[in-house]
Amino acid sequence: MQGLYHFAAEADPAAGGGIFGMLFPFLLMLLVFWLLFWRPAQKRRQQEAQMQNALVPGVEVMTKAGIYATVIEVQDTDIVLEISPGTRIRMLKAGVGDVLTPQADDTPVEDRPDFGDDDKPGKD
């Protein structure tokens with residue numbers, strides 16, 4: 001019986017791996033949590049701050065509440081938006097959700113419908 005107890009006592013430290021063996025799963029979970037949640041959220045906050053600091057009058061934006069507006073005036077922490085002709089609101093820059101940029105038309109000039117037919121090759 002003494003041999004069995006002695007064998008179990010020796011196997012216990014090897015099976016647990018000491019303090020590193022206990023901390024490894026915890027550290028692995030922290031690493032995965034950081035990679036999946038904290039890091040992307042931090043990047044998103046940085047991009048949002050850059051977008052809000054780049055606001056200039058005349059830019060069309062969509063607020064986080066879903067209101068489309070045009071920037072009229074930019075101050076330190078807040079902006080003045082025009083949501084319809086003559087209707088202006090003042091809100092924090094943090095309330096701006098997205099800057100709306102017009103889509104670039106990458107259609108070649110020759111293929112646009114307003115391009116004259118008499119300029120196309122092959123027509124006499």
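**Exercise 1. Finding the buried part of a helix**

Which residues of α2 are buried? Work with the predicted model above, and describe the helix as you go.

*Solution.*

Step 1. Start with the layout: this chain contains 2 helices and 5 strands, and from the N terminus the order is α-α-β-β-β-β-β.

Step 2. Now look at the helix itself. α2 is built from 36 residues, and the distance from its first C-alpha to its last is 51 Å, close to the 52 Å expected at 1.5 Å a residue. Follow the helix along and you will find a kink of about 45°, centred on W34.

Step 3. Pick out the buried residues: they are A41, M51 and Q52. Among the elements that cover them is β5 (96–100).

Step 4. Zoom in on Q52, which sits in helix α2. Its relative accessible area is 10%, and buried means under 20%, so Q52 counts as buried. Leaving out residues up to four places away in sequence, Q52 touches K93, A94 and V96.

**Exercise 2. An aromatic cluster**

Find the aromatic pairs in the whole structure and work out how the rings are arranged.

*Solution.*

Step 1. Count them: the search gives 2 aromatic pairs.

Step 2. Take F33 and F37. Their ring centres are 4.9 Å apart and the planes meet at 45°; because this angle is neither under 30 degrees nor over 60, the pair is tilted.

Step 3. Ask where these two residues sit. F33 and F37 are both in helix α2 (residues 18–53), 4 residues apart, about one turn of the helix. An α-helix has 3.6 residues a turn, so residues three or four places apart point the same way.

Step 4. Check the exposure. F33 has 38% relative accessibility and F37 has 48%. Partly exposed is the class between 20% and 50%, so F33 belongs to it, and so does F37.

Step 5. Turn to the other pair. F33 and W38 have ring centres 4.8 Å apart with 90° between the planes, an edge-to-face arrangement. W38 is partly exposed too, at 46% relative accessibility.

Step 6. Put the pairs together: F33, F37 and W38 make one aromatic cluster.

**Exercise 3. The largest nonpolar core**

Name the residues of the largest nonpolar core, then say which elements give two or more residues to it.

*Solution.*

Step 1. List the members. The core has 8 residues: M51, L55, V61, A69, V71, I79, L81 and V96.

Step 2. Find the elements. Those that give two or more residues are β2 (68–74) and β3 (78–84).

Step 3. Recall a general tendency: in soluble globular proteins, nonpolar side chains tend to be buried together.

Step 4. Follow one member outward. Not counting residues up to four places away in sequence, V71 touches V56, P57, G58, V59, V61, V80 and L81.

Step 5. Set the core against the whole chain. Buried residues account for 12% of the 124 residues. The chain exposes about 10,200 Å², and carbon and sulfur atoms supply 60% of that area.

**Exercise 4. Three residues, three settings**

Where do G58, T63 and E73 lie, and is each one buried, partly exposed or exposed?

*Solution.*

Step 1. G58 is found in the loop between α2 and β1 (60–63). Its relative accessible area is 53%, and the exposed class is over 50%, so G58 is exposed. Beyond residues up to four places away in sequence, G58 touches T70 and V71. G58 and A69 are 11 residues apart in sequence, with 9.7 Å between their C-alpha atoms.

Step 2. T63 belongs to strand β1. With a relative accessible area of 4%, T63 is buried. Setting aside neighbours within four places in sequence, the contacts of T63 are L81, M91, G95, V96 and G97.

Step 3. E73 is in strand β2. Its relative accessible area is 37%, so E73 is partly exposed. E73 touches I79 and V80, again not counting residues up to four places away in sequence. E73 and V56 are 17 residues apart along the chain, and 7.5 Å separates their C-alpha atoms.

Step 4. Finish with the whole chain: among contacts between residues at least 6 apart in sequence, 32% join residues at least 24 apart.

Note on methods
Residues are numbered from 1 along each chain as its sequence is written. This is a predicted model: local features need pLDDT of at least 70, side-chain atom pairs count only at pLDDT 80 or more; totals for chains, interfaces and linings use all residues. Side-chain values use heavy atoms; hydrogens and water are left out. Rings of Phe, Tyr and Trp (its six-membered ring) pair if their centres lie within 6.5 Å; planes under 30 degrees apart count as stacked, over 60 as edge-to-face and the rest as tilted. Buried means under 20% relative accessible area, exposed over 50%, partly exposed in between (1.4 Å probe, protein chains only). A nonpolar core is a set of buried Ala, Val, Leu, Ile, Met, Phe, Trp, Tyr and Cys residues joined through side-chain atoms within 4.5 Å. Contact means heavy atoms within 4.5 Å. The expected span of a helix is 1.5 Å times one less than its number of residues. The bend at a residue is the angle between axes fitted to the seven residues ending there and the seven starting there. Accessible areas come from the Shrake-Rupley method with a 1.4 Å probe; for residues, only the protein chains shown count as cover.
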